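Student: I am new to this structure and would be grateful for a close look at one part of it, followed by an account of what surrounds that part.

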Amino acid sequence: MNGIAATLRLAGAAIGAVGAILLFIEFFQVPSYVRYDTDFESYNLEISPATASEYTWFGRIGALALAVAFSLQLLAGFLG
């Protein structure tokens with residue numbers, strides 16, 4: 001039983017690391033509705049509700065991976 005708990009802990013740590021990297025990528029992306037104008041050296045916001053996307057797949061998969069990692073760590077804590 002201790003081997004299963006150790007395996008779950010390692011799998012949770014690996015999945016959590018991948019999820020954290022994906023969320024790091026998500027947080028430092030420039031949104032699709034922000035444009036930089038080099039002539040005036042300023043940012044323009046061109047928001048259209050139909051085309052604006054707030055989150056990308058990096059953030060969605062990263063959050064899901066972190067949720068799975070926490071659940072694996074919790075399960076390993078109960079088993080070990």
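Student: Where in the chain is the place of Glu41?

Tutor: Glu41 is placed in the loop between strand E1 and strand E2, the latter covering residues 42-45. Helices (H or I, at least four residues) and strands (E, at least two) are DSSP runs, numbered from the N terminus. The model is predicted, and local features need pLDDT of at least 70, side-chain atom pairs count only at pLDDT 80 or more, while totals for chains, interfaces and linings use all residues. Residues are numbered from 1 along each chain as its sequence is written, and side-chain values use heavy atoms, with hydrogens and water left out.

The backbone at Glu41 deserves attention. Its phi is near 50 degrees, a positive value in a residue other than glycine. Most residues other than glycine have a negative phi. Glu41 has a relative accessible area of 64%, so this residue is exposed (buried means under 20%, exposed over 50%, partly exposed in between, with a 1.4 Å probe and protein chains only). The C-alpha atoms of Glu41 and Ala11 lie 46 Å apart, with their positions 30 residues apart along the chain.

Two aromatic pairs are found in a search of the whole structure. Rings of Phe, Tyr and Trp (its six-membered ring) pair if their centres lie within 6.5 Å; planes under 30 degrees apart are stacked, over 60 edge-to-face, and the rest tilted. One pair joins Tyr36 and Tyr43, which is tilted because the planes stand at 55 degrees, with the ring centres 4.9 Å apart. Tyr36 is partly exposed because its relative accessibility is 45%, whereas Tyr43, at 60%, is exposed.

The other pair is formed by Phe24 and Phe28; this pair is tilted too, at 4.8 Å centre to centre and 55 degrees between the planes. Both of these residues are exposed. Phe28 lies in the loop between H1 and E1, and its relative accessibility of 62% is why it counts as exposed.

Phe24 and Phe28 also belong to a nonpolar surface patch, together with Ile21, Ile25, Phe27 and Phe58, and the patch has about 690 Å² of accessible area in total. Its largest share, four residues, comes from H1. Such patches consist of residues with over 30% relative accessible area and no salt bridge, with nonpolar side chains (Val, Leu, Ile, Met, Phe, Trp, Tyr) joined within 5 Å and like charges within 9 Å. A salt bridge is a side-chain nitrogen of Lys or Arg within 4 Å of a carboxyl oxygen of Asp or Glu. The areas come from the Shrake-Rupley method with a 1.4 Å probe, and for residues, only the protein chains shown count as cover.

Gln29 is in the loop between H1 and E1, the strand of residues 34-37. Gln29 is partly exposed because its relative accessible area is 33%. Leaving aside residues up to four places away in sequence, Gln29 touches Thr56 and Phe58, where contact means heavy atoms within 4.5 Å. The C-alpha atoms of Gln29 and Trp57 are separated by 12 Å, although these residues are 28 residues apart along the chain.

The two helices come next. The 26 residues of H1 should span 38 Å at 1.5 Å a residue, and the 37 Å between its end C-alpha atoms agrees with this. For H2 (residues 57-79), 23 residues should span 33 Å, and its end C-alpha atoms are indeed 33 Å apart. The expected span is 1.5 Å times one less than the number of residues.

The buried residues of H2 pack against H1 (2-27), and H2 is included in what covers the buried residues of H1. Among the buried residues of H1 are Leu8, Gly12, Gly16 and Gly19, and those of H2 include Gly62, Ala65, Ala69 and Leu72.

Gly12 of H1 is buried because its relative accessible area is 3%. Residues up to four places away aside, Gly12 touches Ala69, Leu72 and Gln73. Gly12 and Val68 are 7.3 Å apart in space, C-alpha to C-alpha, and 56 residues apart in sequence. From H2, Ala65 is buried because its relative accessible area is 12%. Ala65 touches Ile15 and Gly19, again not counting residues up to four places away in sequence. Its C-alpha is 7.3 Å from that of Val18, 47 residues apart in sequence.
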